[in-house]
Amino acid sequence: MPRERILKGIAVSQGIAQGKVFIYETKHIEVFQTPILSVYLKDETERLDRAIKKTEHELRNIQKRLNYEIGENFAQFLDAQVMMLSDKTIIQKVKARIVDNRLNAEYVYHEVIKEYAEKLGATKDTYLKERVADIWDVGSRVLRNLLGLTHGSVVEVPAGSIIVAHDISPSEAALINPKSVLGIATEAGGRTSHTAITARALEIPAVLGIKGLIGKIGNSEQVILDGDRGIMIKNPSAGRIHFYEIAKKKVLELKKTLSPFCELPAKTKDGRHIDISANIEFFSEYTHAKKYGAEGIGLFRTEFLYLTRHGSPTEEEQYHVYNALAKKMKPSPVIIRTYDLGGDKVFSDYQEANPYLGWRAIRVCLDDLDFFKMQLRAILRASVNKNVKIMFPMISNYEEIKRISLIFEKTKSELRAKKIDFDEEIQFGIMVETPSAALLSPHLAHQVDFFSIGSNDLTQYTIAVDRGNEKISQLFDHFHPAVLQLIKQIIDAGHQAHIWVGLCGELAADPLAIPLLIGMGIDELSMNPGSIPRAKMVVRAITIPECEEIAKGALRFRTPLEIKRYLHRSIHKKFHGIDEVIK
């Protein structure tokens, strides 16, 4: 029997898939150099124009289909491809070389695209490196049209397949059919690649960035893809298959159990309503938020508007997305967070020794006011829907809030002067995710309309642990008593100032933490859409006095392990029927 082998990558889309490998390889396009007589050079440049026009038509058709099937704005990344396609610098360079060197269009075009791709691939910027796929995707389509070749497509993937590829071009990723494709694994790509975006939007398990994948796997091999842990298991043993079959069965049974909770309100047994909202990264995910019963968008991560485009989005592009999202969610609230670029997210070519403690989020915005105010104007214009709130990340001191307030008010005044409508009563809040902001929360609370606790960064900064570092990731624990004490302090400070307090991050979706957080007095919990039914199930099984008793007890312990053991015992004893969702 072939030996089982575990291939590690980056978990970009959750879920478990088991099926046959379909190795998706686009055929290599062979381009040969052919001399062209002077009399035919005009024909050659016109042939290039026709190929570019045909390629644009193909891309626009793909975009229309995606907007219809997945949601408006999902395929906006194709606008960037069309821009590359019609880039005058590239076209003029190709035409000039065709004429000067008297060579065929496909050869010259290939050489020019190759130069641009190599230049971009040499950068240290992860985001720009991932855009090399855009260049080759567009370039390959033009070359095929020049050569009269057909386009290979993921549409042809047989049902029940797990696609394995070096990479999947953006326009091909957009054609993936979730009814046929069980999972996706690639050698290239990361969380901001178009393949990852598509996989999450279609709810297909995906693991990207598996080094040397193509050389380690064969066509039609049976594999298990674990999108939660970021692994692919080749030649899974009988025991492994049995383990995952049980896991998948449990997931299906749990989904069936949780399904009715999508439509139910998040009310405790004694009648207290807790807002359960969704964290989303892309406009198209509003469908998931509604499907799973979100009572609003608690966090819209706008930096992905930046990361999925060829450069910074314009004010109009931003407004279009914010306005469309507000309309789709109306009358439910939509909290739009300003750019949180930097740290684990790329920002231009800027490199830092310690980006998590460096130039990121609100610090970037306050240093580039034109960039910042463009986003503020777009959000304010969308606020005419009367359900938009704005939130600022990575606040670490009182002065930042004062500066933001001044800039925000000035932006409002400029819109008034131009007679542009916006919601004069739009709520203004901050992310409390640094220890300094947590400790200063009694002062900060009087300057804002709400707090949203960012539990992921608050944990990371409080206990000085990089959660992305495998060597110390075991130390990262939301249940660390120092983290919980800060959360309690933030909630109390907010309530004393008569503002509401929410929490977004992994802790909000943890069923073990929900009774604890409610006992501390949290008003809102925001999480990934798929976790909402489970959270509602927990909320509907508990009472406020019992949660308050649990919270009081938990804060007496000294270690995360002691706290978790206490929570398990208390929840099991007090609340019946939710054991199956408590890990």
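Here is a walk through a few features of this structure, which is a predicted model.

Let's start with the barrel. Eight strands (8) close up into it, running in the order β9-β10-β11-β12-β13-β14-β15-β16, and their pairing is parallel. On average, neighbouring strands of this sheet are turned by 25° against each other, if you ignore direction. To see where the ring closes, look at β9 (residues 275-280) and β16 (residues 524-527): these two strands pair in the parallel sense over 4 bridges. Want a spot to zoom in on? Find Ser-277, which stands opposite Ser-526 in β16. Helix α16 (residues 398-417) packs on the sheet as well, where it touches β12 (388-392) and β13 (428-432). The direction of α16 makes about 150° with that of β13.

Now for a pair of helices. The axes of α3 (residues 88-101) and α4 (residues 105-121) come within 9 Å, crossing at roughly 135°. Because of that angle, α3 counts as oblique to α4. The crossing in which α3 passes α4 is right-handed. On the α3 side, the contact is made by Thr-89, Ile-90, Lys-93, Val-94, Arg-97 and Ile-98. From α4 come Ala-105, Val-108, Tyr-109, Glu-111, Val-112, Ile-113, Glu-115 and Tyr-116. Sort the residues of this contact by character and you get 9 nonpolar, 1 polar and 4 charged.

Further along the chain is another helix pair, α19 (residues 455-462) and α20 (residues 481-496). These two pack at an angle of about 125°, and their axes are 9 Å apart. That angle is why α19 is called oblique to α20. Their crossing is right-handed. Leu-458, Thr-459 and Thr-462 of α19 make the contact with Ala-482, Val-483, Leu-486, Ile-487 and Ile-490 of α20. Here the split is 6 nonpolar, 2 polar and no charged.

Finally, a word on charges. Side chains of opposite charge can pair when their charged atoms come close. How many salt bridges does a search of the whole structure find? The count is 23. One to look up is the salt bridge between Glu-4 and Arg-240, whose closest N and O atoms are 2.8 Å apart. Glu-4 sits in the segment before β1 (5-8) while Arg-240 belongs to helix α10 (residues 238-258), so this pair ties together parts that are 236 residues apart in sequence.

Methods: Residues numbered from 1 in each chain as written. Predicted model: local features only at pLDDT ≥ 70, side-chain atom pairs only at ≥ 80, totals over all residues. Heavy atoms only, no water. Axes fitted to C-alpha atoms, helices over the stretch in contact; angles between N-to-C directions. Parallel < 35°, antiparallel > 145°, perpendicular 65-115°, else oblique. Left-handed = near helix turned anticlockwise from the far one by under 90°. Contact = heavy atoms within 4.5 Å. Nonpolar A, V, L, I, M, F, W, Y, C, P; charged D, E, K, R; others polar. Pairing = 2+ DSSP bridges. Salt bridge = Lys/Arg side-chain N within 4 Å of Asp/Glu carboxyl O.
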